[in-house]
Amino acid sequence: MPKVLVSDPIDQAGIDILSQVAQVDVQTKLSPDELANIIGDYDALMIRSGTKVTQAVIDAGQNLKIIGRAGVGVDNVDVPAATRRGIVVVNSPEGNTIAAAEHALAMMLSLSRYIPVADQSVKAGEWNRKAFTGVEVYKKTLGVVGLGKIGSHVATVARALGMKLLAYDPFISADRAEKLGCRLVELDLLFREADYITLHLPKTPETANLINAKTLATMKPTTRIINCARGGIIDEVALADALSKDVIAGAALDVYAEEPLGPDSPLRSLDRKAILTPHLGASTEEAQINVATDVAEQIRDVLLGLPAKSAVNIPGLRADVMEQMRPYLQLAETLGNLVGQLAGGRIESLNVQMQGELAQKDSQPVVIAALKGLLSHALQERVNYVNANIEAKERGIHVIETRDTDVKGYTSSLRLTAVGSLGEHSVSGVLLGGSEIRVTDIDEFPINVPPTKHMLFTLHRDMPGIIGKIGSLLGSFNVNIASMQVGRKIVRGDAVMVLSIDDPLPEGILDEITKVPGIRDAYTVSL
Ligand SMILES: NC(=O)c1ccc[n+]([C@@H]2O[C@H](COP(=O)([O-])OP(=O)(O)OC[C@H]3O[C@@H](n4cnc5c(N)ncnc54)[C@H](O)[C@@H]3O)[C@@H](O)[C@H]2O)c1
Ligand SMILES: O=C(O)[C@H](O)COP(=O)(O)O
């Protein structure tokens, strides 16, 4: 039974799903070293933001197949390292959207009405109504930075609160922003005009310290900032300084550059102008059930050999696309494997030619599947849909894609041409009845064979007796032939012979075959 390590608090709903297919161990608060020491035993790791999955953890996870992040952000996972090792990283892109959006809205209203400090004051025995006169959000301007899933929900609710909306998101159309009631503007204008600024973008090298001393200085003294996105988007020292000098009016933060927030952080000594919560954006009962279920189901599926629906490191391969394209992906993988072995090692290039209806489909999954097949003889199970692209790049394999939507003979066909240590070779194939693979030519010799586990190919002169000689030779080595086909372009010219054999060819027989008069070349291929 596979083993799954759950290293952050996860809702029981997720554990129950995982337990259907795996032994589940829950061990939280592990340091990266402790995690690296035990991860070698596990096939899957399920985490939230509390676990740091470093390169060392990934290197130690020799059996790891999948890392599941029960939430959105995967910035605590070394995704490139996981990708290189072929480990699928999945998340739950939508499971906590509402929870995070509602937290940001709660922060905005709490900040405006001093709710946390007023509560503390009443509990301390005071009744000070004058000290906590707040401001309304109605008719104020909210600047939404990052108009994705969470930003959009915040905008929708804020609009209902009667706020005017500005948005900055370089990857969103003005049309989409307008539908949400937002005016799409440049960031400097948003900073200058907004009464409230709410951040809902990822932390990337471009967004690190987006809010800093310089940008804070451009804001109004009445501006309040809410960050329920990621720590590090705000320069915390500059923010603390701006708040203490009344450069802006307030800030509510849920996320920090370092988590847990250090005891000496200047943010901790701010007065009522700042509200700090300990990364609670996703902490609702509903969101925790959503994300745990979402991610546990994906871990279960991957452990059962099925595709994951929200893998962050399988480019272009969404589960629904995978399902729809599955027969073509199998065709591409089989042909990739075949042409990879025919072309020998040290592949320099792969040309993926899609013909007919296939040429109208998304080519990326087909190319990835072809590369997976191409590299599978050398890398065995170490190559998969996650790392096939990277492995090909690291080997310097030049990939060319060509499409021709004209239907020629078959409604769809795929042709792969690889150049390797044995020169240039090509194979073409089609799907019969939508799912049965047929190899329809090899090196431009027309054939029609279903691929089988063990195959023998010969290139020979088309002359009487040669097929019989190969048959008797194989018989003398006790090799059973399941099927045989010959393809030729012209009578008595060159021809290829494709033999499906029941077992791998015994040592030495290939040399004997090449000695048969008229045989130019012979290859064995195992799929
Ligand atoms: N506090 C929490 O517990 C919590 C919970 C969930 C999500 N999050 C965080 O909230 C953020 C938003 O999550 P989401 O689910 O809405 O993601 P999303 O991918 O749906 O939206 C992010 C948006 O940011 C935009 N963006 C990217 N770079 C930008 C830039 N330089 N400037 C402006 N916009 C930019 C993208 O175009 C996208 O529209 C993420 O950082 C996520 O990790 C935090
Ligand atoms: O990216 C996320 O989903 C949030 O930051 C939530 O993090 P959490 O799972 O640690 O609460």
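## Working through two ligand sites, a helix and a loop residue

An oxygen atom of ligand 2 sits 2.8 Å from an N or O atom in the side chain of Asn96. Keep in mind that this is a predicted model.

**Exercise 1.** Work out which residues surround ligand 2, and how much of its area the protein buries.

*Solution.* Start with the polar contacts. Besides the Asn96 side chain, a polar side-chain atom of Arg48 is 2.8 Å from an oxygen atom of the ligand, and a backbone N or O atom of Gly73 comes in at 2.7 Å from a ligand oxygen. Next, the area: ligand 2 taken alone exposes 320 Å², and the protein buries 91% of that. Now list the shell: Arg48, Ser49, Arg69, Ala70, Gly71, Val72, Gly73, Asn96, Arg230, His279 and Ala282. Sorted by class, that gives three nonpolar, five polar and three charged residues.

**Exercise 2.** Do the like for ligand 1: find its polar contacts with Gly148, Lys149 and Asp169.

*Solution.* Take the side chains to begin with. An N or O atom in the Asp169 side chain is 2.6 Å from an oxygen atom of ligand 1, and for the Lys149 side chain the distance is 2.9 Å. Then the backbone: a polar backbone atom of Gly148 is 3.4 Å from a ligand oxygen. On its own, ligand 1 has 860 Å² of accessible area, and the protein covers 86% of it. The shell holds 25 residues, with Lys149, Ile150, Asp169, Leu201 and Asp254 the closest. It splits into 13 nonpolar, eight polar and four charged.

**Exercise 3.** Check the span of helix H5 (residues 97-113), then decide why it counts as largely enclosed.

*Solution.* H5 has 17 residues, which at 1.5 Å a residue should span 24 Å; the end C-alpha atoms are 25 Å apart, so the two agree. For burial, count residues under 20% relative accessible area. That picks out 12 of the 17, so the rest of the structure largely encloses H5. Among them are Thr97, His103, Leu105, Met107, Met108 and Leu111. Just past the helix, Tyr114 takes a positive phi of about 55°.

**Exercise 4.** Is Leu270 buried or exposed?

*Solution.* First place the residue: Leu270 is in the loop between strand E11 (250-253) and strand E12 (274-276). Its relative accessible area is 17%. The cut-off for buried is under 20%, so Leu270 is buried. As for Ile225, 45 residues away along the chain, its C-alpha atom is 14 Å from that of Leu270.

Methods
Residues are numbered from 1 along each chain as its sequence is written. Chains are lettered from A and ligands numbered from 1 in the order in which they are written. This is a predicted model: local features need pLDDT of at least 70, side-chain atom pairs count only at pLDDT 80 or more; totals for chains, interfaces and linings use all residues. Side-chain values use heavy atoms; hydrogens and water are left out. Helices (H or I, at least four residues) and strands (E, at least two) are DSSP runs, numbered from the N terminus. The expected span of a helix is 1.5 Å times one less than its number of residues. Buried means under 20% relative accessible area, exposed over 50%, partly exposed in between (1.4 Å probe, protein chains only). A residue is near a molecule or strand if one of its heavy atoms lies within 4 Å of it. A polar contact is a pair of N or O atoms within 3.5 Å; within protein, one must be able to donate a hydrogen and the other to accept it, and residues adjacent in sequence count only if both atoms are side-chain atoms. Accessible areas come from the Shrake-Rupley method with a 1.4 Å probe; for residues, only the protein chains shown count as cover. Ala, Val, Leu, Ile, Met, Phe, Trp, Tyr, Cys and Pro count as nonpolar, Asp, Glu, Lys and Arg as charged, and the others, Gly among them, as polar.
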